[in-house]
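Biologist: Please take a close look at a single part of this model, the place where one chain meets another. I would like a careful, connected account that a first-year student can follow.

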Number of protein chains: 2
Amino acid sequence: MRTEVGAGARASRGPLRIALLGCGVVGSQVARLLAEQAVDLAARAGGPLEIAGIAVRRPELPRASGVDSSLFTTDPAELVTRPDVDIVVELIGGVEPARSLLLAALDAGTSVVTANKALLASDGAALHRAASANGADLYYEAAVAGAIPLLRALRESLAGDVVRRVLGIVNGTTNFILDQMDSLGSDFDAALGTAQRLGYAEADPAADVQGTDGAAKAAILAGLAFHTEVTSGDVFTEGISAITADDIASARALGFVIKLLAICERCDGGVSVRVHPAMIPRVHPLAAVHEAYNAVFVEATAAGRLMFYGAGAGGQPTASAVLGDVVAVARNRRAGLRGPEPARYAELPIVPMAEALTRYYISLDVADQPGVLAPVAEVFARRGVSIKAVRQEGRGEDASLIIVTHTARESALAGTVADLAAMPVVRAVGSVLRVEGEEGE
Amino acid sequence: MRTEVGAGARASRGPLRIALLGCGVVGSQVARLLAEQAVDLAARAGGPLEIAGIAVRRPELPRASGVDSSLFTTDPAELVTRPDVDIVVELIGGVEPARSLLLAALDAGTSVVTANKALLASDGAALHRAASANGADLYYEAAVAGAIPLLRALRESLAGDVVRRVLGIVNGTTNFILDQMDSLGSDFDAALGTAQRLGYAEADPAADVQGTDGAAKAAILAGLAFHTEVTSGDVFTEGISAITADDIASARALGFVIKLLAICERCDGGVSVRVHPAMIPRVHPLAAVHEAYNAVFVEATAAGRLMFYGAGAGGQPTASAVLGDVVAVARNRRAGLRGPEPARYAELPIVPMAEALTRYYISLDVADQPGVLAPVAEVFARRGVSIKAVRQEGRGEDASLIIVTHTARESALAGTVADLAAMPVVRAVGSVLRVEGEEGE
């Protein structure tokens, strides 16, 4: 039987069989839900779903209830190429061995559901090519923003539209930290400590607070939004560890809130993809995203402004996204075909950060004297940066200038800040923050 | 050729041909975008899309630029059954003749994309049956919440999950009116006038302000969320015309905002589907939905709380949703198969409004005397309604009691209000508003 028929033909006769790689927080939820909701899932998938095997590193560890340990194997390479496996669900994370395992599965024509953002952000193109060449599906809704059905929207619903911009809070840990700083006035270290104590941040929070997790997600989003190959390395990345309680207070005074944003934009000459903290107006829908929630704003030519909001992490929400993908892939398998492939025909160039159009908020400690504004304004003019608003605050030692610019090239803005720092009338450059999410900018 | 091959086989050879019914605000945008974005759409749909004909009632009327009037026909019945038509896009609205035209198309095996909420809310089950019996697709993303890809999420992404509740602002006109009342303190008539002047409300605003538009959308949402047949007639519906500036002010004082909500809930004994104004906490994500925007909150067992936000109406957003569906249907056609069908296997009973679990906010004008609270509390206790919070305000003539209840059966709450109105110490029942969207209720 194994050699007689292909996966599609076999699939339509009996249950579809799933190889589960990894049985941690998400994997054990997936295993549990597959068992608990078997009847529902079968009705939705067009036939029963069965676990063929679960690859784990240490089978002796205790697992969540509802996980059948008789399915455990320590040989994932054998599991993914078993001829009776129809769908590989990968939840081990990291680039290797996930990459080799998934390429082996796809090469054998087996469809893949994965939540592995790091792998997709580094090798997404190779995985898509392997899926395409072998008639297999590659779904990864859970890789960005947990259970929020955002990737499917970009891949399918907005397929008839032109996406101009994606602006999102895609890292729950940093949103929790910034939300704590904003609501309690605490500084970064205290907020990080709270996040760690409550389980929102890991003991080593580097990937979250330095923005690398966000960068991987931005690469995946930009690839889908603009039909272009984007890797983590293409993403300008700046974390939140330099954000001070003063920055948060200044933003608040101006009616803004600071969020770590993933930004993917169509611009002259290509696509700009970046992750950095930015001030957004308090009336912007993203400003109302609290705690560890994720939300992604999409601007498309015809659809206008859309926002998707939900839990961005956690075992259950991630497992829900994985199961949604499993059902979709199962339906495709039963029909003997592949789901819609993300189109990859635009291949726009990635614009370097220096060329990106952004806006700056700058606070300067200045000498309290009449006429300090004129030379400062002159510096902006020389760099071709237009000032939108200026406010002078305090007197004497405490005098400061708050400047918000119009949109300008990042290199011109960075150059302006360097010039300002060198001015005798400027005692110190306080905060420098990019501004996003304002109308007409 | 026409008689030799079926639609699927023909489709894979040449362009897919679209019959467009209606060429008004949305239809003309669809026609324009099909022409303007032909290259993009062909890449995404797997082959070119062509307009076979456009059914209009009065071909002599002027149309938006980009619409080819040589495609006009005044015979929609002939157009939808033309053998060279692969997809019927229906944008005429209303139950008839749309119903007969779409059933004729589906019976001929032609797939349908429609934005017709009234038809879907009355005859959705019959249309789905016809689609299923004839191997045709039936897509209608644009029928609820414009370009927000909400139905696809319910149909596909959440297919592996159990939806517990859908709570949404699905009517932009009423949201605009309530938002004006909340932000400006104006009364209903003034806010309606502004909405009409700005084009957010029609000259006859009945369908919007009485909640019938929302009821149709609630029926569609409940059907998809709970895999159950729900029609408009099943939906308890209450509009916003009785909401006063005082109600808005009272809500504001308590930290609430009043929104017209479509609510679809799993409950003991079945499904509760209703549309009525309700107070929601100002910190709830739906409270931040301003102007004519739509947003829908979905609570699912595994996915947790999700929200979808965007423009709920307008030619371009609606056209975007229609084109997303057209691309999906075109991909299915080229593959010779149907897209995932909304599962309809649960068929839960619709719980009558009297049985629904809700919460009430009640304000009472009372005689200013010691001991008024005891007999009032006694009325609640007799009806088995638990009081969550009470506040006494004013003295003498202006004395009032503000009461917020815990969750109780609607019939018990309504009975309590009737009992209160009959009490000698109660001079008048002021506002009675349901409360939604609080944690743990």
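Modeller: What follows starts at the contact between chains and then moves to the salt bridges.

This is a predicted model, in which local features need pLDDT of at least 70 and side-chain atom pairs count only at pLDDT 80 or more, whereas totals for chains, interfaces and linings use all residues. Residues are numbered from 1 along each chain as its sequence is written, chains are lettered from A and ligands numbered from 1 in the order in which they are written, and side-chain values use heavy atoms, with hydrogens and water left out.

The contact, which means heavy atoms within 4.5 Å, involves 46 residues from chain A and 46 residues from chain B. Between these chains about 3800 Å² is buried, and carbon and sulfur atoms give 56% of that area; buried area is the accessible area (1.4 Å probe) that two parts lose on being put together, summed over both. The interface has 0 salt bridges, a salt bridge being a side-chain nitrogen of Lys or Arg within 4 Å of a carboxyl oxygen of Asp or Glu. There are, however, 4 residue pairs in polar contact across the interface, both residues at pLDDT 80 or more. A polar contact is a pair of N or O atoms within 3.5 Å; within protein, one must be able to donate a hydrogen and the other to accept it, and residues adjacent in sequence count only if both atoms are side-chain atoms.

On the side of chain A that touches chain B, at least two residues each come from helix 3 (38–45), helix 7 (150–155), strand 11 (293–300), strand 12 (304–311) and helix 13 (315–335) of chain A; helices (H or I, at least four residues) and strands (E, at least two) are DSSP runs, numbered from the N terminus. Helix 13 of chain A gives the most to this side, with 8 residues. Sorted by class, the side of chain A that touches chain B holds 28 nonpolar, 10 polar and 8 charged residues, where Ala, Val, Leu, Ile, Met, Phe, Trp, Tyr, Cys and Pro count as nonpolar, Asp, Glu, Lys and Arg as charged, and the others, Gly among them, as polar.

Strand 12 of chain A also pairs with strand 12 (residues 304–311) of chain B, in the antiparallel sense and over 5 bridges; two strands pair if DSSP finds at least two bridges between them. Here A:Tyr309 stands opposite B:Met307.

The whole structure has 45 salt bridges over all chains. One of them joins the side chains of A:Arg164 and A:Glu299, at 3.5 Å from N to O. A:Arg164 lies in strand 7 (residues 163–169) of chain A and A:Glu299 in strand 11 of chain A, so this pair ties together parts that are 135 residues apart in sequence. A:Arg164 counts as partly exposed because its relative accessibility is 39%, while A:Glu299, at 14%, counts as buried; buried means under 20% relative accessible area, exposed over 50%, and partly exposed in between (1.4 Å probe, protein chains only). A:Arg164 and A:Glu299 belong to a network of salt bridges that also links A:Arg165, A:Glu265, A:Arg274 and A:Glu436.
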